[in-house]
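Here is a short report on one protein chain. Look at the sequence and the structure first, then read on.

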Amino acid sequence: MHDRTNTPKPLIGEPSPELKGLGRDLRLDACRGIALWFLFLDHIPNNVGSWLTLRNYGFSDTAEVFVFISGVTCALAYGRARRCEGWSAVIGRSLRRSWDIYAAFLLVTLACAIMVYLAGRDHLADHSNTRILLEHPGAALAHAAILQYRPVNTDVLPIFVLYHLLFTPLLWLLLRVPNATLGASLLLYVLVHVFGWTVPAWPNNVWFFNPLAWQLLIVFGAWWVIEGKRFWPWVTSRTALVLAVLYLVFSLIIALSCNIKPLEALVPQTLAKLLYPLDKSNLDPLRLLHFFALAILAVWLVPRDWRGLTAPAMRCAIRCGENSLPIYCLGVLLVLASHMALVDISDGFAMQIALSLGGILVLIAAATLLNLIRSKPRAAAEIALMAAIPENGHETRRMPISPKSPRTRSEQQSEFGTASFSNL
């Protein structure tokens, strides 16, 4: 079979010719950071702040955005590692990232149980799905260790453990038969909806995010990095834009009619019953189409060199997106703490606003601190490298480093690294 990696088409991680010179696509980090904020707002129960998110204005929500961007960033990061260091580097990086997410999941599970135990609230134990962990810690931890038990709001972590473990063979297939790989992913998605396939879970055998269905967004994100250029003219066409806007308006009317009583008369009850409930666990097709429509609109409204990315709010979002794993885990704990505050102190409008705003500020502060901690060893490595370069007369020259030449760990992280393409 012909190896597609030998063709002159740009490889993963290489910008297309019309985008060369613009640097890393900051829209990915910005979108992921905003998604982390929205997830935090959505997870706080009965929170007025959730009206700022996507959840109430269409069929999909932030989860689809978050998973798709993770597929894109995985393809970029692992693809660049493959090009410069080979498949062994891809395997090593994917295994390390999978382990990081696995360890974070177990730590967050224990932290949630400890917080609920110290609070002494039965309601919180039921809401957070930690009662079974507190009453049967041995069995619950054993099932958590094999990713079958998950407290509330941690469901996304186990599926990313699986996706990173399997990303190396996925990347190998995408580089050789991208369209066939996407077709197989789509076929699996269809079979899940036809036969109800899922992955075993405990204790009720339900995955809030069925990995067999949500894999489609991961595969599609990675496929878009490799093959998306061929379809770019259609995505940016006026026909695609008109269809996307029409579908978004339709879903907006349906969603608002379900959330706002006076608008119920706008939608026939027969149509509402036909569309709802939307199956989030198995990534309902209406949700999938809504996400595609949002993506087409975003491409039109937010170009890669959009000046708004330099605004303070966008810089804060980018910082959070660069540290997606720790920020997501911190958000889970902040949601639980916010729920406690709503129960113990007040669930009024002012408290909801204060908790929403305060939580996002804490996430931004944590991301900023993590960036500062990461930048110190990187800066020290750069200084050491410059000091090691011999002087030629009165001029010091920094020689370019060949992709095959040895590099420091800090340089490798700077090129592929956790800050640039950190993903769940």
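Which helices each supply at least two residues of the lining of the second largest pocket? They are α1 (26–43), α2 (62–85) and α11 (238–259). Helices here are DSSP runs (H or I, at least four residues), strands are runs of E (at least two), and both are numbered from the N terminus.

This is a predicted model: local features need pLDDT of at least 70, side-chain atom pairs count only at pLDDT 80 or more, and totals for chains, interfaces and linings use all residues. Residues are numbered from 1 along each chain as its sequence is written, and side-chain values use heavy atoms, with hydrogens and water left out.

**The chain as a whole**

The protein chain has 18 helices and two strands. Of its 424 residues, 48% are buried. Buried means under 20% relative accessible area, exposed means over 50%, and partly exposed lies in between (1.4 Å probe, protein chains only).

**The pocket**

The second largest pocket holds about 850 Å³ of space. A pocket is an open set of points on a 1 Å grid over the protein atoms alone, where a 1.4 Å probe fits, with protein on both sides within 12 Å along at least five of seven lines; lining residues have an atom within 4 Å of a point. Grid points are joined across faces, edges and corners, and the volume is the space filled by probe spheres set on the points.

The lining has 41 residues. Nearest the pocket centre lie His43, Asp61, Phe208, Phe209 and Lys280. Helix α2 gives the largest share of the lining, four residues. By type, the lining has 23 nonpolar, 11 polar and seven charged residues. Ala, Val, Leu, Ile, Met, Phe, Trp, Tyr, Cys and Pro count as nonpolar; Asp, Glu, Lys and Arg count as charged; the others, Gly among them, count as polar.

**The cores**

A nonpolar core is a set of buried Ala, Val, Leu, Ile, Met, Phe, Trp, Tyr and Cys residues joined through side-chain atoms within 4.5 Å. The largest one has 89 residues. Leu157, Phe160, Phe167 and Trp214 have the most contacts inside it. Helix α2 supplies the largest share of this core, 12 residues. Apart from this core lies another, of 13 residues, including Ile254 and Val267.

Contact means heavy atoms within 4.5 Å. Leaving out residues up to four places away in sequence, Phe167 touches Gly71, Cys74, Ala75, Tyr78, Ile218 and Ala222.

**Four residues compared**

| Residue | Place | Relative accessibility |
|---|---|---|
| Thr130 | loop between α4 (122–127) and α5 (131–135) | 0%, buried |
| Asn153 | loop between α6 (137–145) and α7 (156–165) | 14%, buried |
| Leu294 | helix α13 (residues 285–301) | 23%, partly exposed |
| Thr368 | helix α16 (residues 349–388) | 25%, partly exposed |

Why does Thr130 count as buried? Thr130 is buried because its relative accessible area is 0%. Beyond four places in sequence, Thr130 touches Cys112, Ala113, Val116, Leu124, Ala125, Tyr149 and Pro151. With the same kind of neighbours set aside, Leu294 is in contact with Leu54, Ser60 and Leu248.

**Backbone exceptions**

Most residues other than glycine have a negative phi, and most peptide bonds are trans. Asn153 has a positive phi of about 75°. Asn129 also has a positive phi, near 60°. A cis peptide bond joins Trp202 and Pro203, with omega about 5°. Another cis bond joins Tyr276 and Pro277, with omega about 0°.
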